[in-house]
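Look at the sequence and the fold together before reading on. The paragraphs below start at the ligand and then move out to the sheet.

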Amino acid sequence: MLEINSVSAGYGALTALENISASLADGARLGIFGHNGAGKTTLLRCIIGAHAPSAGTVRLNGEPIIPGQVPATVRRGIAFVPQGHNVFPNLSVEENLTISGLLFDRSFVTEVMRLFPVLEERRSQRAGSMSGGEQQMLALGMAMMTQPKWLLLDEPSTGLAPVIVRNVMGQLAVVNKTFGTGLIIVEQNVPATLKVVESCLILKSGRAVYQGDAATLAAKPDLWEWF
Ligand SMILES: Nc1ncnc2c1ncn2[C@@H]1O[C@H](COP(=O)(O)OP(=O)(O)OP(=O)(O)O)[C@@H](O)[C@H]1O
Ligand SMILES: [Mg+2]
């Protein structure tokens with residue numbers, strides 16, 4: 001279980017998040033939406049321990065996430081795919097995956113390649129020479145090498161064509177089903193994300209303006225009023 005308890009956070013005098021709470025059962029799928037600067041990335045950074053909340057705590061299975069100890073958080077089962085394609089461009093696909101699993105089980109490369117067949121097809125290709133969609137799949141694969149209980153994704157669809165976005169979202173659903181990995185997806189592409197997540201949080205200037213199930217949000221004709 002992942003719990004966000006009354007988390008506030010900021011940068012100096014600036015408040016980026018105010019009193020955010022959420023409680024997620026193992027394997028849950030949450031979408032986080034909101035305008036630029038709403039605090040979405042800050043919330044992911046608080047969850048992974050890359051940013052210290054000014055108030056509140058994040059707990060994984062009852063134990064607090066310690067700010068500043070990102071590698072420890074990853075070892076405890078939370079993986080973070082930051083915005084952009086975070087691959088080592090000069091290494092091959094297989095080398096990228098192996099490096100990501102160094103502290104875990106390197107043989108999991110086989111599982112990850114089964115999950116993302118495009119990575120198998122291109123195992124010896126230099127990562128930097130792959131398309132944007134392929135690099136995003138590799139970034140997902142690299143995160144999966146840590147066999148996470150939770151996968152945090154910061155705008156995974158950025159820069160991808162609609163058909164590739166569907167592909168990435170579809171693979172996230174498969175990851176969730178196959179391994180029971182919980183998903184926390186920050187996205188600008190709300191319709192594509194609503195197909196994968198079951199609950200949503202909409203942030204506006206650091207506050208939660210909607211929190212509820214995805215189906216209710218998808219059915220709302222005035223959905224955009226929250227943005
Ligand atoms: N390192 C930083 N130093 C100072 N202010 C920051 C820093 N990072 C973010 N902020 C500010 O905190 C607020 C929230 O930023 P955050 O990156 O969390 O928003 P976001 O919802 O992820 O936006 P985007 O959709 O543009 O990625 C913004 O006002 C931003 O300018
Ligand atoms: Mg952001």
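Which elements each supply at least two residues of the shell around ligand 1? In this predicted model, they are strand 2 and helix 1. Helix 1 gives the most, with three residues. Sorted by class, the shell holds seven polar, four nonpolar and two charged residues.

Some of these residues can be named. There are 13 residues around ligand 1, and those that come nearest are Asn-36, Gly-37, Lys-40, Thr-41 and Thr-42. Side chains of this group reach oxygen atoms of the ligand. For Lys-40, a polar side-chain atom lies 2.7 Å from an oxygen atom of ligand 1. For Thr-41, the distance from a polar side-chain atom to a ligand oxygen is 2.8 Å. In Thr-42, an N or O atom of the side chain is 2.5 Å from an oxygen atom of ligand 1. The ligand taken alone exposes 630 Å², and the protein buries 60% of that.

Now turn to the sheet. It is open and made of four strands in the order 2-1-4-5, with antiparallel pairing. Strand 2 (14-24) and strand 5 (63-64) each have a single partner strand, so they stand at the edges and one side of each has no neighbour in the sheet. Strand 1 (residues 2-11) runs antiparallel to strand 4 (residues 55-60), and five bridges join the two. Within this pair, Asn-5 has Thr-57 of strand 4 as its bridge partner.

Helix 1 (residues 40-48) packs on the sheet, where it touches strand 1, strand 2 and strand 4. The direction of helix 1 makes about 120° with that of strand 1. Helix 1 thus appears in both parts of the picture: it packs on the sheet, and it supplies residues to the shell around ligand 1.

How values were computed:
Residues numbered from 1 in each chain as written. Chains lettered and ligands numbered in written order. Predicted model: local features only at pLDDT ≥ 70, side-chain atom pairs only at ≥ 80, totals over all residues. Heavy atoms only, no water. Pairing = 2+ DSSP bridges. Contact = heavy atoms within 4.5 Å. Axes fitted to C-alpha atoms, helices over the stretch in contact; angles between N-to-C directions. Near = heavy atom within 4 Å. Polar contact = N/O pair within 3.5 Å; in protein donor to acceptor, adjacent residues only side chain to side chain. Areas by Shrake-Rupley, 256 points an atom, 1.4 Å probe, with all protein chains shown as cover. Nonpolar A, V, L, I, M, F, W, Y, C, P; charged D, E, K, R; others polar.
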